[in-house]
Protein chains: 2
Amino acid sequence: MTQDTVTVTPPVIILLRPQLGANIGACARAMKNCGLYELRLVAPRDGWPNPEAAPMASSATDILDSAELYDDLASAMHDVTLAFATTARMRDMVKPVINPREAAQKTVEAPQSSGGRVAYMFGAERSGMDNDEAVMADFIVSADLNPAFSSLNLAQAVLMMAWEWRMAALATKPSKDANDDWPELATIQDRDYFFARFEKMLDERGFFATAEMAPIVKRNLRAFFSRGTPTKQEIRTLQGVLTNLERDKGAQ
Amino acid sequence: MTQDTVTVTPPVIILLRPQLGANIGACARAMKNCGLYELRLVAPRDGWPNPEAAPMASSATDILDSAELYDDLASAMHDVTLAFATTARMRDMVKPVINPREAAQKTVEAPQSSGGRVAYMFGAERSGMDNDEAVMADFIVSADLNPAFSSLNLAQAVLMMAWEWRMAALATKPSKDANDDWPELATIQDRDYFFARFEKMLDERGFFATAEMAPIVKRNLRAFFSRGTPTKQEIRTLQGVLTNLERDKGAQ
């Protein structure tokens with residue numbers, strides 16, 4: 001196999017509830033074209049493996065063979081420390097929105113020393129990504145497409161992101177990482193454990209005025225806490241705060 | 001229909017001998033996503049219209065309906081003054097090779113005053129573009145993809161080029177064109193008329209030492225004459241030279 005010219009670690013591609021096997025295959029081809037190899041599938045509609053994937057993958061069946069299957073998004077993020085949610089639609093959510101080129105730049109600039117991975121998340125073909133999925137990302141990625149017709153085919157969206165990453169990666173010289181002593185970041189799953197525990201606590205304490213508002217307020221809290229890209233130590237500290245609060249409650 | 005935010009004229013997409021209707025449909029969708037609307041088909045394998053195109057086009061069937069059908073590439077270039085040939089393979093040809101981002105930049109910088117169009121050319125799915133087609137372009141566009149797997153799906157290649165154009169176009173402010181007084185450029189078809197006549201003359205004069213070498217030498221001549229992006233006046237002058245040379249021959 002010819003050695004690739006890119007020296008930085010490529011992002012992971014996460015497909016959320018993908019519907020068509022053919023699209024998964026086409027995504028694998030687009031990934032391999034750009035030198036990406038790690039595909040994670042969260043609850044694919046027709047199960048996995050899917051025999052309809054290989055014909056559209058051309059020679060990228062190695063990516064299909066090594067694709068990882070997950071039941072939920074948080075598990076798929078077990079080693080991810082920086083995540084980008086691709087979506088055409090704007091969200092009622094305080095999340096920074098950037099374009100694919102900016103996402104690529106942030107990906108290649110991410111500190112690699114801690115071993116945490118970068119993920120690009122893609123929603124299902126028809127329904128896209130829901131707000132509770134998008135909120136788990138650090139950034140919303142929105143491509144400035146034709147406003148009269150902005151819905152990209154799934155594999156086309158993967159190609160666009162993968163290509164932008166590749167162009168940014170090719171422009172990046174391997175050098176001593178200026179962020180080598182950056183503290184180890186929390187994974188998205190670390191964050192999710194914290195959020196889930198925090199939300200449960202708020203529920204139990206009757207924090208939410210109405211059941212209707214609860215999911216919206218939870219999402220806003222998740223968005224706020226994620227915005228600073230917490231380190232592992234910071235999430236440990238926040239978990240400590242929850243432990244402390246629970247103890248108080250028990251003591252009452 | 002929502003007004004698009006791009007103000008420069010988009011390039012024309014030319015598909016050479018496309019094989020699968022589904023791919024033509026997917027190309028139309030990718031075009032419309034990025035705000036491109038003019039599709040030209042040269043000798044599609046299964047004829048045109050093709051009922052397999054619409055399902056993959058999603059809401060871009062307007063592009064399929066207005067697609068233009070041509071028998072040969074030169075006719076498809078009747079109003080094209082700047083052409084880019086996309087191909088993964090390097091050619092034994094003295095043509096500048098640029099990447100898709102550079103092609104996009106050249107496209108938005110092309111003088112628009114003369115009314116000449118810019119075209120992006122794509123070869124057939126399996127066979128790609130042959131040398132006699134590629135030589136008609138001003139530039140070869142080669143994407144620096146994974147050397148272990150560089151073959152893009154046709155619609156993915158169109159999306160990549162269209163997206164790069166869109167990003168360049170969005171960064172271009174509508175302003176007085178600095179090249180407004182650029183002389184009117186020859187179309188690729190104008191060039192082709194000249195080349196065909198020139199080559200016929202050389203053939204008749206026994207210019208080519210061997211029949212084997214003739215196509216290669218012809219291609220090299222085409223590459224050389226195209227490299228300067230001739231104006232209409234320059235091609236007229238060259239045609240005048242041929243007329244003159246033919247007259248000499250008759251007088252002998």
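Two residues count as being in contact if their C-beta atoms, placed from the backbone, lie within 7 Å. Keep that cut-off in mind for the two chains here: 100% of the interface residues of chain B are also interface residues in chain A, so the copies meet through the same surface.

A word on the ground rules. This is a predicted model, in which local features need pLDDT of at least 70, side-chain atom pairs count only at pLDDT 80 or more, and totals for chains, interfaces and linings use all residues. Residues are numbered from 1 along each chain as its sequence is written, while chains are lettered from A and ligands numbered from 1 in the order in which they are written.

Now for how the two chains sit together. Two copies of a chain are related by a rotation about an axis and a shift along it. Here, a turn of 180° and a shift of 0.0 Å along the axis lay chain B on chain A with an RMSD of 0.0 Å (superposed by least squares on the C-alpha atoms of residues with pLDDT of at least 70 in both). That is what a two-fold axis looks like.

Back to the interface, then. On it, 30 residues of chain B are in contact with 30 residues of chain A. Helix H1 (21-33) and helix H7 (154-170) of chain B each give at least two residues to the side that touches chain A, and H7(B) supplies the largest share of that side, with six residues. (Helices are DSSP runs of H or I with at least four residues, strands are runs of E with at least two, and both are numbered from the N terminus.) By type, the side of chain B that touches chain A has 15 nonpolar, 10 polar and five charged residues. Here Ala, Val, Leu, Ile, Met, Phe, Trp, Tyr, Cys and Pro count as nonpolar, Asp, Glu, Lys and Arg as charged, and the others, Gly among them, as polar.

Next, follow the backbone of chain A into the loop between strand S2 (39-42) and helix H2 (54-57), where A:Pro49 sits. A cis peptide bond, with omega about 0°, joins A:Trp48 to A:Pro49. The loop between S2 and H2 also holds A:Ala43, a residue other than glycine whose phi is positive, near 50°. A:Ala43 counts as partly exposed because it has 17 C-beta neighbours inside 10 Å; 20 or more would make a residue buried and 12 or fewer exposed, with C-beta atoms placed from the backbone.

Over in chain B, B:Trp48 and B:Pro49 are joined by a cis peptide bond, with omega about 0°.
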